[in-house]
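Please open the structure in your viewer and keep the selection tool ready. This tour says what to select at each stop and what can be found there.

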Amino acid sequence: MENSEGVKIESTVVTEEPLISALDIALFVVIITVAYFWYFKRDKQSSSSEKKPYTIQPSSLSSIEQTSNSSFIKKLKSTGRSLVVFYGSQTGTAEEFAGRIAKEGARYKMKGMVADPEECDMADLVEMKEIQKSLAIFCIATYGEGDPTDNAMDFYEWLQNGDADLEGLNYAVFGLGNKTYEHYNEIAIYIDQRLEELGATRVHEIGLGDDDANIEDDFVSWKEKLWESVCSHYGIEETGEESNIRQYKLVDCSEVLPERIFSGEISRLKSYENQRFPFDVKNPYLSKIAVNRELHKSGDRSCMHIEFDIDGSKMRYDTGDHVAVYPKNSSELVDKIGELLNADLDAVFSLLNTDEESSKKHPFPCPCTYRTALTYYLDITSNPRTHIMKELIEYASDPKDQEKLKLMASSTPEGKKEFHEWILRDNRNIVHILEDLPSVKPDLDHLCELLPRLQCRYYSISSSPKVYPKSIHITAVLVNYTTPTNRVNKGVATNLLAQLIPTNDELPQPTIPIYIRRSQFRLPPKSQTPIIMVGPGTGLAPFRGFIQERDYARKEGREIGEMVLYFGCRKKDEDFIYENELQEYVANGTLTKLHLAFSRDQPEKKYVTHLLEQNADELWNIIGEKSGHLYVCGDARSMAKDVHSIIVKVVMEKGQMTNSQALNYVKKMEQQKRYSADVWS
């Protein structure tokens, strides 16, 4: 409207003032149009950048080559394949599972390929029937509040809005979820049902993996039965060939110029030296640590208040967002792997995909040194999955070590028990395995292929951009614990952050790569709306930002609604974080009520849930009579579930409803974003 009106005004001026020609007007329109599209395209890229999946493309390929040929059907036909495994992955697990299925297809004479739905034209699914004995498998994760992963979003929306005829498509679905969350495997269940509605044939029943228990066990059990169903459906038999075929081949890069070698960058070479906006999952911002201070007053635990400097970065965040931090593994563990395998960690190498049709040419940025790969790109601290046990068998020279690995890689009850006890219960990582099975000496390049990617860590932002526009605050507990084998395991990100202490202005400040992930955890649009916040421990983090924002509004003279906070910790004199700040907000009226539960300051443990039960009238007054908002942040496994049960009970009693009516009422609150949770397990 404004631009077109401006053009009309200029046109009127032309008729009165011949000094401005028609060419001037045309140039003006072109400039305005270009500026308009440039601005909004940039803004769109900035706001959705975190929704793009992580892929590493070879540096020798042009962008046109990278994005061309989105038809997976053409690739299947041209390479004689009949199996395609799509993945919807946020942390890499679904992608890993997809790769394992595609690899096993060869045992059933079904040559497979792995595909990212975001890089494919999913409308081509209607053409799968043209390929004899074809099968599409979907490994789909659900995250957040029942959301698709970023790379599966377009496919999910295509299924929702389209009505393609998928008759002749044979499919199977495996979901990755967590039972501690309300929307357990919601996306996978929807995709499984929707494909059937559109005429596709389900070859095997959906598998539901629970990451709160043992998702590896769930996947392996489902996969075994899947192949039984596939053999029955297509009338085929297993070839019996069991071979560990490498997905990547080793390339010696000792002659590569130093300036072409990756040294920890996530995607673009030298991206930390030449920072370019916008910053996202593939292009994080190298932020200085402005503040790093201890929040606990005493005790043997540590909780850090850390402030990331984003001044000059053009990064913007909203109260309630998350910040992603890219960690690196400790040099001690990295050196240990080099020592155990007698390997030169400073040798420069590359891993190149043996499948020329794959869009993923390397498992991580290549070329690089083994030290760089083990430090920045590979997860060496988590519990390895069973397929790694299987791949390590050939490298064991001691028959006892071989038998132990074979047992843990098997799907027998004895094998599952051994894997659960020796790997999961005893909390062994790859370093521990190599230490405890000394005859196992895998080739380091193969180990780098097998290990999963090191993932960024997400933290709730504990500040408001209204008050701190040039910095991002987080509240993080230092993770250190002793395993049953008397080893000390350390949190990768928090232990790195603990070492990044700002110095005086004369010295370079410590830095770490970060980017902002948008959240739906938001304050009500109106500052007058009353809210209740439940956040024990570091669950207080986003509410610190909420309170800051409301306090800012109050100081501007705007009316703010009631703010009630439920906070709990172990001991008042030990781990009551941000105590002085909270008391000040109570004193100035921003925080209406502060309910405190110190679980270990009295003989009987006292938690925030006990206080919620005691304050049923206050709860109903705000969420029922005043249509206020309720927020929960913290542990999903017990605390968040208990809060939900208490809220349903309060709605029943105070709202005079039946159990089903109360459940529907709470469900409606969630749909209206009046009941929001930012939880983790």
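The stops below go from the whole chain to strands, then to annotated residues and a pair of helices.

**Before starting**

This is a predicted model, in which local features need pLDDT of at least 70, side-chain atom pairs count only at pLDDT 80 or more, and totals for chains, interfaces and linings use all residues. Residues are numbered from 1 along each chain as its sequence is written, and side-chain values use heavy atoms, with hydrogens and water left out.

**Stop 1: the whole chain**

Show the chain as a cartoon. It has 23 helices and 23 strands. Helices (H or I, at least four residues) and strands (E, at least two) are DSSP runs, numbered from the N terminus. Of the 681 residues in the chain, 50% are buried. Buried means under 20% relative accessible area, exposed means over 50%, and partly exposed is in between, using a 1.4 Å probe and protein chains only. Contact means heavy atoms within 4.5 Å. Among contacts between residues at least 6 apart in sequence, 75% join residues at least 24 apart.

**Stop 2: strand β3 and its partners**

Select residues 135-143, which are strand β3. How many of its 9 residues are buried? The count is 8, and the strand is mostly covered.

Two strands pair if DSSP finds at least two bridges between them. Add residues 83-88, strand β1, which pairs with β3 in the parallel sense over 6 bridges. Here Leu83 stands opposite Leu135 of β3. Next add residues 170-177, strand β5, which also pairs with β3 in the parallel sense, over 6 bridges. Ile137 has Ala172 in β5 as its bridge partner.

Finally, add residues 147-148, strand β4. β4 runs antiparallel to β3, and 2 bridges join them. One bridge partner pair here is Thr142 with Pro148 in β4. The hairpin of β3 and β4 has 3 residues between the strands, and Gly144 takes a positive phi near 65° there.

**Stop 3: a sheet of 6 strands**

Now show the open sheet with the order β14-β11-β18-β9-β10-β15, whose pairing is antiparallel. β14 (457-460) and β15 (471-477) each have a single partner strand, so one side of each is left without a neighbour in the sheet. Neighbouring strands are turned by 40° against each other on average, direction ignored. For a view inside this sheet, select β11 (residues 322-325) and β18 (residues 511-517), which are joined by 4 bridges. Ala324 has Tyr515 in β18 as its bridge partner.

**Stop 4: a sheet of 3 strands**

Another open sheet has 3 strands in the order β8-β12-β13, with antiparallel pairing. Which strands stand at its edges? They are β8 (248-252) and β13 (368-369), each with a single partner strand. Select β8 together with β12 (residues 348-353): 5 bridges join them. Tyr248 has Asn353 in β12 as its bridge partner.

**Stop 5: annotated residues**

An unreviewed UniProt entry carries the annotation "binding site" for a set of residues, including Arg301, Thr538, Lys605, Tyr607 and Asp642. UniProt positions are given in the numbering used here, feature names are shortened, and annotations may be inferred rather than shown by experiment.

Select Lys605, in the loop between β21 (593-598) and α20 (608-614). Lys605 is partly exposed, with a relative accessible area of 47%. Leaving aside neighbours within four places in sequence, Lys605 is in contact with Ser599, Arg600 and His610.

Then select Tyr607, which lies in the loop between β21 and α20. Tyr607 is partly exposed, at 40% relative accessible area. Not counting residues up to four places away in sequence, Tyr607 touches Ala597 and Ser599.

**Stop 6: helices α21 and α22**

Select residues 616-625 (α21) and 639-654 (α22): their axes come within 10 Å and cross at roughly 85°. That makes α21 roughly perpendicular to α22. Axes are lines fitted to C-alpha atoms, for helices over the stretch in contact, and angles run from 0 to 180 degrees between N-to-C directions. Angles under 35 degrees count as roughly parallel, over 145 as roughly antiparallel, 65 to 115 as roughly perpendicular and the rest as oblique.

Residues making the contact include Leu619, Trp620 and Ile623 of α21 and Ile647 and Val650 of α22.

End on Trp620, in helix α21. Is Trp620 buried or exposed? Trp620 counts as buried, at 12% relative accessibility. Leaving aside neighbours within four places in sequence, its contacts include Val651, Met657 and Tyr665. The C-alpha atoms of Trp620 and Glu653 are separated by 9.4 Å, and these residues are 33 apart along the chain.
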